Amino acid sequence: MEKDFSVSNPKATDDICQQSKPLEIYMFIDPLCPECWALEPILKKLQIEYGQYFSLKHVLSGSLASLNCTKKSQHADLADFWEKTAFKTGMSCDGSLWFENPIVSPHLPSIALKAAELQGRKHGMKFLRKLQELLFLEKQNIATFDVLKCCANSAGLDVIEFIADIHSDSAAKAFQCDLKITREMEVTEVPTLVFFNENIEEEGIKVTGYYPYEVYVQIIEEMLQVHPEKADPPPIETFLAYFKFVASKELSVVYNKSIHEVEKEMKKLQLRQLVEQIPAKYGMFWKYIG
């Protein structure tokens, strides 16, 4: 794990980033990165248990991994990496996409995400999640306009406005702003999380890669210099009603249950016709229909 204390605090120069919460986390991502997808269970648990202490800002990195996907020679390596990530983390992603439906315009999904964020951060978060589901589970080419329009519609966006914004200077400038932040913070890999506290004189802690939940909690405790009070997760039906589509792995992490315990409980909800079971290449997903 890299702990980098040379990252200057952006709150010192960026009034927009001022938040009432004591911590701010910058998460550097690429929509095509399977490890960013694999962090979803950990992020959900962090936001539920300690979300009162931090705000989360996604920053698009325009990573070298995305550029590599344009090279046919890299497709087998990418497929292998996806499969290994799924096996290691429990968040399914199907590497056969790189042989059947490879991405050839790696930056278009990033521009589309910035266009979605122009309709509000929550819409942007929903859009990112839908992008990841279509890519990692359904093997769809998220660098095509038809798929992006479908994704925008599923995320509840104004699709006409979204399509106009993809071609606008606003989305392009927002993406360039993210790339500038990436360079300034010397982020070279995704996922990377950079933690800042309220003291603009203090430098951030940079964590590159995928780590167990406890590592991120320890950093939050370090930054706060107190033992934070942990919130309890909501009833599982409330969680499902909010997120709509979740993996057994996500429920397992958030509720500290084994996959077997989670799926036993979910099958009870399935009998009550509250959820639909959606098999994936690795593990199971659940769609809320209650």
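This report describes the pockets, cores, strand pairings and selected residues of one protein structure. The model is predicted.

**Pocket and cavity**

Rolling a probe the size of a water molecule over the atoms shows where empty space is left. In this model, the largest pocket holds about 1300 Å³ of space. Its lining comprises 41 residues, and those nearest the centre are M125, K126, R129, Y242 and F243. Two or more lining residues come from each of the helices α2 (40-50), α7 (121-137), α8 (145-154) and α12 (236-243), and likewise from each of the strands β2 (54-60), β5 (245-247), β6 (275-279) and β7 (284-288). Helix α7 provides the largest share of this lining, with 11 residues.

The structure also holds one cavity of 30 Å³ or more. The volume of the largest cavity is about 30 Å³, and its wall is formed by M27, I29, C36, E40, H58, L128 and Q132. At least two of these lining residues are supplied by β1, and at least two by α7. Helix α7 thus appears in the account of both spaces, as it also gives 11 residues to the lining of the largest pocket.

The table sets out the two spaces with their volumes and the classes of their lining residues.

| Space | Volume | Nonpolar lining | Polar lining | Charged lining |
|---|---|---|---|---|
| Largest pocket | about 1300 Å³ | 21 residues | eight residues | 12 residues |
| Largest cavity | about 30 Å³ | four residues | two residues | one residue |

**Nonpolar cores**

In soluble globular proteins, nonpolar side chains tend to be buried together. In the present model, the largest nonpolar core has 76 residues, and F28, L46, F127, F162 and F195 have the most contacts inside it. Helix α11 (residues 213-224) contributes the largest share of this core, eight residues. Another core, of 15 residues, lies apart from it and includes I48, V246, M266 and M284.

Which residues does L46 contact, leaving aside its neighbours within four places in sequence? The partners of L46 are G51, F54, Y213, Y216, V217 and I220. Among these, Y213, Y216, V217 and I220 fall within the range of helix α11, residues 213-224.

**Helix α6**

Helix α6 spans residues 108-117, and nine of its 10 residues are buried. The buried residues are L108, P109, S110, I111, A112, L113, K114, A115 and A116. They pack against the strands β1 (23-29) and β2, and against the helices α7, α8, α9 (159-166) and α10 (169-184).

**Strand pairing**

Strands β6 and β7 run antiparallel and are joined by five bridges. Within this pairing, V275 has Y288 in β7 as its bridge partner. Four residues lie between the two strands of the hairpin, where G283 takes a positive phi near 85°. Strand β7 is also paired with β5, again in the antiparallel sense, over three bridges; here F245 has K287 of β7 as its bridge partner.

A further antiparallel pair is made by β3 (residues 192-197) and β4, with four bridges between them. In this pair, V194 stands opposite K206 of β4. From strand β4 (residues 205-208), I205 and V207 point one way, while K206 and T208 point the other way. Are these β4 residues buried or exposed? I205, K206, V207 and T208 are all buried.

**Two individual residues**

Q277 belongs to strand β6. Apart from residues up to four places away in sequence, Q277 touches Q270, M284, F285 and W286. One of these, M284, is among the members of the 15-residue core. Q277 has a relative accessible area of 26% and is therefore classed as partly exposed, since the buried class requires a value under 20%. The C-alpha atom of Q277 is separated by 35 Å from that of Q218, a residue 59 places away along the chain.

E83 is located in helix α4 (residues 72-89). Why is E83 classed as buried? Its relative accessible area is 18%, and the class covers values under 20%. Not counting residues up to four places away in sequence, E83 touches C93, D94, G95, S96, K281 and Y282.

Notes: Residues are numbered from 1 along each chain as its sequence is written. This is a predicted model: local features need pLDDT of at least 70, side-chain atom pairs count only at pLDDT 80 or more; totals for chains, interfaces and linings use all residues. Side-chain values use heavy atoms; hydrogens and water are left out. On a 1 Å grid over the protein atoms alone, a cavity is a set of points where a 1.4 Å probe fits but cannot get out, and a pocket is an open set with protein on both sides within 12 Å along at least five of seven lines; lining residues have an atom within 4 Å of a point. Grid points are joined across faces, edges and corners, and a volume is the space filled by probe spheres set on the points. Ala, Val, Leu, Ile, Met, Phe, Trp, Tyr, Cys and Pro count as nonpolar, Asp, Glu, Lys and Arg as charged, and the others, Gly among them, as polar. Buried means under 20% relative accessible area, exposed over 50%, partly exposed in between (1.4 Å probe, protein chains only). Contact means heavy atoms within 4.5 Å. A nonpolar core is a set of buried Ala, Val, Leu, Ile, Met, Phe, Trp, Tyr and Cys residues joined through side-chain atoms within 4.5 Å. Two strands pair if DSSP finds at least two bridges between them.
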